[in-house]
Amino acid sequence: MTHPWFAGEARPRVLAHRGLVTPEAAASGIVENSFAAVAAAHSAGATYVESDCHLTADGTVVLFHDEDLSRVTGDPRRIAEVTVSELERLMADRGGLITLAQALDAFPTVRFNLDVKARDAATAVGTTVAPFGARVLVASFSDDRRRAALAAAAAAGRGIPPATSAGSGTIARLLAALSIRSDRLVAPALRGVDALQLPERQGRIRIVTPRLLAAAHRHDVEVHVWTVNDPADMRRLVALGVDGIVTDRADIALEVLL
């Protein structure tokens, strides 16, 4: 059965990467993964918002990509070393801090694609999203982190479990199976996975190929490509058969693709 995260929405899916920050918003100080960025994606018509999860010193899951604050705020500390109230002050003139709980509550029609960035955040992410599993997809480069978050959501026992996309280990096993044309090995690699979210290329190696797309679709797994900001590339990838585009410019993608 199709997970509700995927149901009722036309493809290709447009995933607003860390929300939406237009050049004009950036010029006014708004940053990615802020409350304002998520609100802008929602206002532009995005159903899907991709974001990232870290855990603060006082145990709250916040939407933040980097391990530390240096790039976004100029503060060198790690997120795990600061409290929510400190983060609120630092983000006040950058679009506002948004916690995971606030995002799920403030944007009830948005479907979140959540990348668990820190091992210590996995259990808290799973527990927080448990009541909202129908509109959450849990992702991580680490299969261990995403599985820990899924296990925590299941342990909370509050309804539909979140969907999930493959970690880097799973993708490596899939690519190895495809390289030797072994569907016998493709099937277990994709078991329990709803989506593959990956770049079109890794260096000189092309990852998103017709063979990968065919194998994924044969097993009812979607393929979402990141991070695609050029309209011509968006159209080309959709024509190739990808199911979703992860983009910094959800406003442009929605206009071009839907």
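**A buried strand and a helix pair**

Strand β4, residues 111-116, is largely enclosed by the rest of the structure, because 6 of its 6 residues are buried. Keep in mind that this is a predicted model.

Let me stay with β4 for a moment. Both of its faces are covered. On one side the buried residues are Arg 111, Asn 113 and Asp 115. On the other side they are Phe 112, Leu 114 and Val 116.

Now the neighbours of that strand. Strand β2, residues 48-55, runs parallel to β4, and 6 bridges join the two. If you want one position to look at, take Ser 51, whose bridge partner in β4 is Leu 114. β4 also pairs with strand β5, residues 136-139, in the parallel sense, over 4 bridges. Here you can look at Asn 113, which has Leu 137 as its bridge partner in β5.

I will move on to the helices. Two packed helices are described by the angle between their axes and the distance between the axes. For helix α11, residues 231-240, and helix α12, residues 250-257, the angle is about 50° and the axes are 10 Å apart. An angle from 35 up to 65 degrees counts as oblique, and α11 and α12 are therefore oblique to each other. The crossing of α11 past α12 is right-handed.

Which residues make the contact? From α11 they are Pro 231, Met 234, Arg 235 and Val 238. From α12 they are Ile 252, Ala 253, Val 256 and Leu 257. Sorted by class, this contact has 7 nonpolar residues, 1 charged residue and no polar ones.

Technical notes:
Residues numbered from 1 in each chain as written. Predicted model: local features only at pLDDT ≥ 70, side-chain atom pairs only at ≥ 80, totals over all residues. Heavy atoms only, no water. Axes fitted to C-alpha atoms, helices over the stretch in contact; angles between N-to-C directions. Parallel < 35°, antiparallel > 145°, perpendicular 65-115°, else oblique. Left-handed = near helix turned anticlockwise from the far one by under 90°. Contact = heavy atoms within 4.5 Å. Nonpolar A, V, L, I, M, F, W, Y, C, P; charged D, E, K, R; others polar. Buried < 20%, exposed > 50% of the residue type's maximum accessible area, 1.4 Å probe, protein only. Pairing = 2+ DSSP bridges.
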